[in-house]
Amino acid sequence: MRITDIQRCEVRPGRLVEWTLSPATVAAATALPEDSRPPAYIQESHIRTARSLREDGLFVPTWVGTAFDLPGPVDLDALERALHAWTVRHETLRSGFRWAGDELRRFTLDAADVSLHRTEAGHFPDAGRLVRHLQDRFDTVADALRWPNLVYAAVVRDDGASVYLAFDHSNVDAYSVQRMPAEIHELYTGAAAGSGAGPTAASYVDFCEIERSHADGVDGRHAIVERWREFIRRCDGRLPGFPVDLGLVPGDPLPRQRMLAEPLADADTAAAFEEYCRPYGGSMTGLLAATGLIVHELGGQQVYRTVVPFHTRVTSRWSESVGWYVGAAPIEVPVGRTRGFPEALRAVRAELRANRSLARMPLARVLRLLGADFRPASPDLYSIVSYVDTRGLPGAGRWAERKAYGLLRVSYGDQVCVWVNRLPEGLWLASRYPDTDIAAKNMRLYVERLRDRIASVADGSLSAVS
């Protein structure tokens with residue numbers, strides 16, 4: 001699925017209909033007792049960061065979502081039944097948090113207490129005005145510090161509808177988002193035909209309890225904690241940023257961000273790059289190795305240090321579950337003394353093999369054990385370069401036809417986040433980065449050199465020491 005922002009996902013005029021959880025559902029949630037299952041560490045870190053930034057006077061929207069088309073004419077009653085069935089299928093979407101002093105406490109609604117409220121928001125003949133309305137609504141509703149923090153919308157036209165779903169990040173990850181179009185298409189088709197909603201999925205709320213119980217059994221002497229301690233020490237006591245000049249001045253306010261989203265390679269080039277990198281672990285290894293060499297060229301650092309995201313769906317039980325199943329592992333690649341791409345590939349492969357298991361321990365728990373004061377000053381604690389092959393996900397072959405997108409909110413931040421997805425049509429790159437002229441120049445150089453390196457590997461023109 002192509003990742004982008006709301007401004008670049010082919011928004012077209014039409015009649016706008018919106019759904020939120022109903023007032024009766026909100027009232028039922030208000031009266032709920034505490035759910036003993038705790039938040040995941042990643043959820044708690046996200047919510048505390050949002051609160052910290054808000055206390056500093058900065059509203060930083062961080063919602064994520066999806067957009068996709070349904071063929072028309074669309075039966076709005078059937079779509080509402082599908083959206084309701086999908087919402088109750090995934091327990092995390094009917095679960096939220098309250099503050100009790102400085103502690104986050106969970107509450108969770110029974111499926112029977114969840115209903116949707118539909119609103120006719122009017123006709124929007126201008127796409128630009130519709131984009132602004134959708135972004136404002138998603139900013140307001142899908143906010144980390146409120147509940148409910150999800151909103152659904154459909155832009156209805158005679159020939160079909162475009163569906164938009166937005167969520168606070170605490171409940172969904174990129175994998176969850178990429179599964180949504182096919183799952184809701186299936187539920188909509190069933191609802192229109194009068195069939196039932198099907199089974200519920202495994203609960204992310206249950207996963208949170210299991211993961212946290214394991215993490216809380218670890219103390220500061222654990223080997224994983226010690227490896228993070230040494231990594232952060234070598235990063236001058238901080239989690240790593242993107243090692244090129246971004247035009248930022250220490251102490252300045254958190255900068256606005258800019259979005260970059262574009263194709264990186266066609267299907268044949270992506271396949272050839274994967275084939276070349278397969279002996280070293282595949283395209284993910286290749287992407288990180290290429291990035292390390294390029295940022296050395298641009299920034300001069302001798303060692304490329306970064307944090308690599310990994311999913312934590314370690315068993316098939318969680319494969320269909322909506323949630324934020326993401327961990328992190330550090331790697332260090334000595335690019336300054338690396339002779340060529342194959343050597344960089346071997347170095348990255350060794351680091352990934354040695355450190356991938358660290359991703360099973362939530363980083364927020366590690367930081368707490370380290371005792372370091374990582375008061376969050378940005379919604380992204382560190383920079384990332386992520387790679388995911390999405391071609392095996394349900395409905396991936398029809399994403400282009402259905403105009404399916406994964407949506408990111410681009411607002412404020414001093415880090416660089418790069419996502420590369422393998423699609424049926426090739427490699428797609430999306431990045432958000434600080435909105436400075438220097439960052440824009442260096443990110444453009446990074447993407448152009450990454451594209452050139454992938455192409456040169458694919459066509460065989462890359463020499464063994466280049």
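**Figure 1. Arginine 54 is partly exposed in this predicted model.** Its relative accessibility is 29%. Buried would require under 20%, and exposed over 50%. Arginine 54 belongs to helix α2. Its side chain makes a polar contact of 2.9 Å with the side chain of aspartate 143. Beyond the residues up to four places away in sequence, arginine 54 touches Phe59, Asp143 and Leu145. Leucine 145 sits 91 residues from arginine 54 along the chain. The C-alpha atoms of these two residues are nonetheless separated by 9.2 Å.

**Figure 2. Helix α2 covers residues 41-55.** The helix has 15 residues. At 1.5 Å a residue, a span of 21 Å is expected. The end C-alpha atoms are 21 Å apart, so the two values agree. The buried residues of α2 are Tyr41, Gln43, Glu44, His46, Ile47, Thr49, Ala50, Ser52 and Leu53. These buried residues pack against two strands, β4 and β5 (103-108), and two helices, α6 and α11 (363-370). Glycine 57 follows just after α2 and takes a positive phi of about 90 degrees.

**Figure 3. Two arginines lie over aromatic rings.** Arginine 51 is placed over the face of tryptophan 99. The distance to the ring centre of tryptophan 99 is 3.8 Å. In the second case, the charged end of arginine 212 sits over the ring of tyrosine 41. Here, too, the distance to the ring centre is 3.8 Å. Tyrosine 41 is also one of the buried residues of α2.

**Figure 4. Phenylalanine 207 and tryptophan 318 form an edge-to-face pair.** The structure holds 13 aromatic pairs. In this one, phenylalanine 207 and tryptophan 318 are 5.3 Å apart, centre to centre. Their planes meet at 75 degrees. Edge-to-face requires an angle over 60 degrees. Phenylalanine 207 is in helix α6 (residues 204-216). Tryptophan 318 is in the loop between β10 (304-311) and β11 (326-333). The pair therefore ties together parts that are 111 residues apart in sequence. Both partners are buried: phenylalanine 207 has 6% relative accessibility, and tryptophan 318 has 5%. One aromatic cluster takes in Tyr204, Phe207, Trp318 and Tyr325.

**Figure 5. Tyrosine 276 and phenylalanine 341 are stacked.** Their ring centres are 6.0 Å apart. The planes are at 20 degrees, so the pair counts as stacked. Stacking requires planes under 30 degrees apart. Tyrosine 276 lies in helix α8 (residues 267-277), and phenylalanine 341 in helix α10 (residues 341-355). This pair therefore joins parts that are 65 residues apart in sequence. The accessibilities of the partners are as follows. Tyrosine 276 is partly exposed, at 27% relative accessible area. Phenylalanine 341 is buried, at 0% relative accessibility.

**Figure 6. Histidine 90 is buried in a loop.** The loop runs between α3 (76-89) and β4 (95-100). Histidine 90 has 1% relative accessibility, so it counts as buried. Its side chain makes a polar contact of 3.4 Å with the side chain of tryptophan 86. The side chain of histidine 90 also reaches the backbone nitrogen of valine 322, at 3.5 Å. Setting aside residues up to four places away in sequence, histidine 90 touches Glu183, Ala201, Glu320, Ser321 and Val322.

**Figure 7. Histidine 185 is buried in helix α5.** This helix covers residues 174-193. The relative accessibility of histidine 185 is 8%, so the residue counts as buried. Apart from neighbours within four places in sequence, histidine 185 is in contact with Phe68, Asp69, Leu70, Pro71 and Arg402.

**Figure 8. The whole protein places the close-ups in context.** The secondary structure comes to 12 helices and 15 strands. The radius of gyration is 22 Å. For 466 residues the globule rule gives 23 Å, so the protein is as compact as a globular protein of that length. Its C-alpha trace spans about 60 × 50 × 45 Å along the principal axes. Of the 466 residues, 56% count as buried. Among contacts between residues at least 6 apart in sequence, 83% join residues at least 24 apart.

Definitions and conventions:
Residues numbered from 1 in each chain as written. Predicted model: local features only at pLDDT ≥ 70, side-chain atom pairs only at ≥ 80, totals over all residues. Heavy atoms only, no water. Helix = DSSP H or I, 4+ residues; strand = E, 2+ residues; numbered from the N terminus. Buried < 20%, exposed > 50% of the residue type's maximum accessible area, 1.4 Å probe, protein only. Polar contact = N/O pair within 3.5 Å; in protein donor to acceptor, adjacent residues only side chain to side chain. Contact = heavy atoms within 4.5 Å. Phe/Tyr/Trp six-rings, centres within 6.5 Å; stacked < 30°, edge-to-face > 60°. Lys NZ or Arg CZ within 6 Å of the ring centre and 35° of its normal. Expected span 1.5 Å × (residues − 1). Rg over C-alpha atoms; globule rule 2.2 N^0.38 Å.
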